[in-house]
Amino acid sequence: MLGTPASAIVGTTGNCLARSFDVTASHLAITTTVANMPAGTPFTVQVEARDADDGVAENFDATIALDASATGGTNFTGGTQSAQGIGGAATFPGLVLDTPADGYSVTASAADASSAISNTFDVT
């Protein structure tokens, strides 16, 4: 009934079927674009668990690990960071890279989901 208002489809009594879906995360996505920065500057990265259709897998609650790497660079101050997925997302605030290097990238990983790699950025 293309073009038919939803109220007409549901009917005059307002009855409708409720369905729940168990959406499984197939991959992670880093939704933050990381900018070039001076060494020691705190920054935040947001990661989402996505389903096969690239929608947020809101039931994802696994631990997400975050690593940084660059040729001649080092991982985050304090090493690998981890956060619990809540509603299909995790936020990593206060990340710090102390070693200047070109071509850093951030990798997010979790069990049962493909990893995600950020854009490349430089730490001066």
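Here are some numbered notes on the structure above, written as one colleague to another.

1. First, the ground rules. You are looking at a predicted model, so please read every value below as computed from that model.

2. The overall layout is easy to follow. The chain has one helix and eight strands, and along the sequence they run in the pattern α-β-β-β-β-β-β-β-β. Of the 124 residues, 33% are buried. The chain exposes about 7,200 Å², and carbon and sulfur atoms account for 53% of that area. If you take the contacts between residues at least 6 apart in sequence, 60% of them join residues at least 24 apart.

3. Next, the nonpolar core. The largest one has 30 residues. Leu-28, Phe-43, Val-47, Ile-64, Leu-66 and Phe-121 are the members with the most contacts inside this core. Two or more residues each come from strand E1 (27-30), E2, strand E3 (63-69), strand E5 (89-95), E6, strand E7 (113-117) and E8. Which element gives the largest share of this core? That is E6, with five residues.

4. Val-47 is a handy residue to click on if you want to see the core from inside, as it is one of the core residues with the most contacts. Leaving aside residues up to four places away in sequence, Val-47 touches Leu-28, Ala-29, Ile-30, Ile-64, Leu-66, Gly-88, Ala-89, Ala-90, Phe-92 and Ala-108. Among these neighbours, Leu-28, Ile-64 and Leu-66 are also on the list of core residues with the most contacts.

5. The aromatic residues deserve their own look. There are three aromatic pairs in total. One of them joins Phe-43 and Phe-121 edge-to-face, with 6.1 Å centre to centre and 65 degrees between the planes. This pair links distant parts of the chain, since Phe-43 lies in strand E2 and Phe-121 in strand E8 (residues 121-123), 78 residues apart. Phe-43 counts as buried because its relative accessible area is 10%, under the 20% limit. Phe-121 is buried too, at 1% relative accessibility.

6. Phe-121 has a second aromatic partner, Tyr-104, and here the rings are stacked: 5.8 Å centre to centre, 15 degrees between the planes. This pair also links distant parts of the chain, with Tyr-104 in strand E6 (residues 101-110) and Phe-121 in strand E8, 17 residues apart. Both Tyr-104 and Phe-121 are buried. Taken together, Phe-43, Phe-76, Tyr-104 and Phe-121 form one aromatic cluster.

7. Beside Tyr-104 in the sequence you will find Ser-105, also in strand E6. Is Ser-105 buried or exposed? Ser-105 is buried, because its relative accessible area of 12% falls under 20%. Not counting residues up to four places away in sequence, Ser-105 touches Asp-67, Ala-68, Ser-69, Ile-117, Ser-118, Asn-119, Thr-120 and Phe-121. Phe-121 thus turns up again, this time as a contact of a serine.

8. Now for the charged residues. Side chains of opposite charge can pair when their charged atoms come close. The structure holds two salt bridges. In one, Arg-50 pairs with Glu-48, and the closest N and O atoms are 2.8 Å apart. In the other, Arg-50 meets Asp-54, at 3.2 Å from N to O. Which residues do the shared partners join into one network? They are Glu-48, Arg-50 and Asp-54.

9. The members of that network differ in how covered they are. Arg-50 is buried, with a relative accessible area of 15%, and Glu-48 is buried as well, at 18%. Asp-54, by contrast, is partly exposed because its 42% relative accessibility lies between the 20% and 50% limits.

10. Finally, a closer look at Glu-48, which sits in strand E2 (residues 43-50). Its side chain makes a polar contact with the side chain of Arg-50 at 2.8 Å. Setting aside residues up to four places away in sequence, Glu-48 touches His-27, Leu-28, Ala-29, Thr-31, Val-56, Gly-88 and Ala-89. One of these, Leu-28, is also among the core residues with the most contacts.

Definitions and conventions: Residues numbered from 1 in each chain as written. Predicted model: local features only at pLDDT ≥ 70, side-chain atom pairs only at ≥ 80, totals over all residues. Heavy atoms only, no water. Helix = DSSP H or I, 4+ residues; strand = E, 2+ residues; numbered from the N terminus. Buried < 20%, exposed > 50% of the residue type's maximum accessible area, 1.4 Å probe, protein only. Polar contact = N/O pair within 3.5 Å; in protein donor to acceptor, adjacent residues only side chain to side chain. Contact = heavy atoms within 4.5 Å. Phe/Tyr/Trp six-rings, centres within 6.5 Å; stacked < 30°, edge-to-face > 60°. Core = buried A, V, L, I, M, F, W, Y, C linked by side-chain atoms within 4.5 Å. Areas by Shrake-Rupley, 256 points an atom, 1.4 Å probe, with all protein chains shown as cover. Salt bridge = Lys/Arg side-chain N within 4 Å of Asp/Glu carboxyl O.
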